[in-house]
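Here's a quick briefing on some charged pairs and contacts. Have a look at the model first, then go through the notes below.

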Amino acid sequence: MQDTAFRMKADNKIAQTLLRTAMAICLTVTTTLAANAQIGEHRSELSVGVNGGYMLSNVGFNPDIPQGMLGGLTGGLTVRYTCEKYFKSVCALVGEVNFAQAGWKEDILTVDDQPVINPVTGRPEEFQRTLTYVQVPLFARLGWGRERKGFQFYFQVGPQVGFLLGDKKESNFNFSERNQADRIGALKDAVQDSLDIERKFDYGIAGGLGIEYSHPKVGHFLLEGRYYYGLGDIFGNSKRDYFGRSNNGSIIIKLTYLFDVMKTKNSKIK
């Protein structure tokens, strides 16, 4: 119990540090833009478009639940406002509204790391739970490279909130007929399989690295790798609850297309 409590305190400190770091970066970028408006090169460019990609997700359970990564889709709308080029860094704010399939896929194994065989079906037991969210990330973005025609490398980070829209459970066995004898750890009780999602509101931080190709007559094409770390829990985490932690986490590969709605009138921008 003491070890569990210690790990929970450590996880909370990590989560708080990550959140403060993301907020500090966003605040620093915003403050820098305001303070150096006369030093940097002014931009006033608005781009909108669509995005889509593939997510690999899991949930950080404590007690631990052995898992693989659950594959899912994500897609939605993107808005970007580019406001300044400060030295060689192109500064922008980016917002998205996405539908996303998160959740987890269990590795149901014996103590010898062998699949658990269901006594009724005779097949290895499988279970996954897909959580469909609407997610809204807001990023502070820094880019380096060409703005009008050519390639640009970028980094972005910021907070993300989400709201649960759907919950889908998939298994190849009846819950009451699961093989408890051969399961290990928290998989024996399988509480996570039957519990309702208690907290539909999700929040955390996201950050990504990407590359963008721009063409003045066609638009902007972006390829990005992104990571999301949830700071909230999907189940209750009080002393009376089964789980002390149950936060979402995702790795995302995303393609985005943007077209310019408003552009800075400056023939020197490349």
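**Buried charges and their partners**

Arg183 has a relative accessible area of 1%, so it counts as buried (under 20% relative accessible area, with over 50% being exposed and anything in between partly exposed, using a 1.4 Å probe and protein chains only). Bear in mind that this is a predicted model: local features need pLDDT of at least 70, side-chain atom pairs count only at pLDDT 80 or more, and totals for chains, interfaces and linings use all residues. Residues are numbered from 1 along each chain as its sequence is written, and side-chain values use heavy atoms, with hydrogens and water left out.

**Around Arg183**

- Arg183 sits in the loop between E6 and helix H2 (191-194); helices (H or I, at least four residues) and strands (E, at least two) are DSSP runs, numbered from the N terminus.
- The side chains of Arg183 and Glu125 share a polar contact of 2.8 Å (a pair of N or O atoms within 3.5 Å; within protein, one must be able to donate a hydrogen and the other to accept it, and residues adjacent in sequence count only if both atoms are side-chain atoms).
- Arg183 also uses its side chain to reach the backbone oxygen of Leu187, at 2.9 Å.
- Beyond neighbours within four places in sequence, Arg183 is in contact (heavy atoms within 4.5 Å) with residues including Ile108, Val116, Phe173 and Ala190.

**Salt bridges**

- The count comes to eight salt bridges, taking a side-chain nitrogen of Lys or Arg within 4 Å of a carboxyl oxygen of Asp or Glu.
- One of them pairs the side chains of Glu45 and Arg148 at 2.8 Å, N to O. Glu45 is in strand E1 (residues 41-62) and Arg148 in the loop between strand E5 (127-145) and E6, so the pair ties together parts 103 residues apart in sequence. Both Glu45 and Arg148 are buried.
- Glu212 and Arg141 meet through their side chains at 2.6 Å, N to O, in another salt bridge. Since Glu212 belongs to strand E7 (residues 201-215) and Arg141 to strand E5, this pair ties together parts 71 residues apart in sequence. Glu212 is buried at 2% relative accessibility, and Arg141 is buried at 3%.
- Glu224 and Arg226 form a salt bridge at 3.0 Å, N to O. Through shared partners, salt bridges join Glu96, Glu224, Arg226 and Lys254 into one network.

**Leu165 in its strand**

- Leu165 is part of strand E6 (residues 150-171).
- Leaving out residues up to four places away in sequence, Leu165 touches Phe99, Thr132, Tyr133 and Val134.
- Leu165 and Phe99 are 66 residues apart along the chain, with 9.2 Å between their C-alpha atoms.
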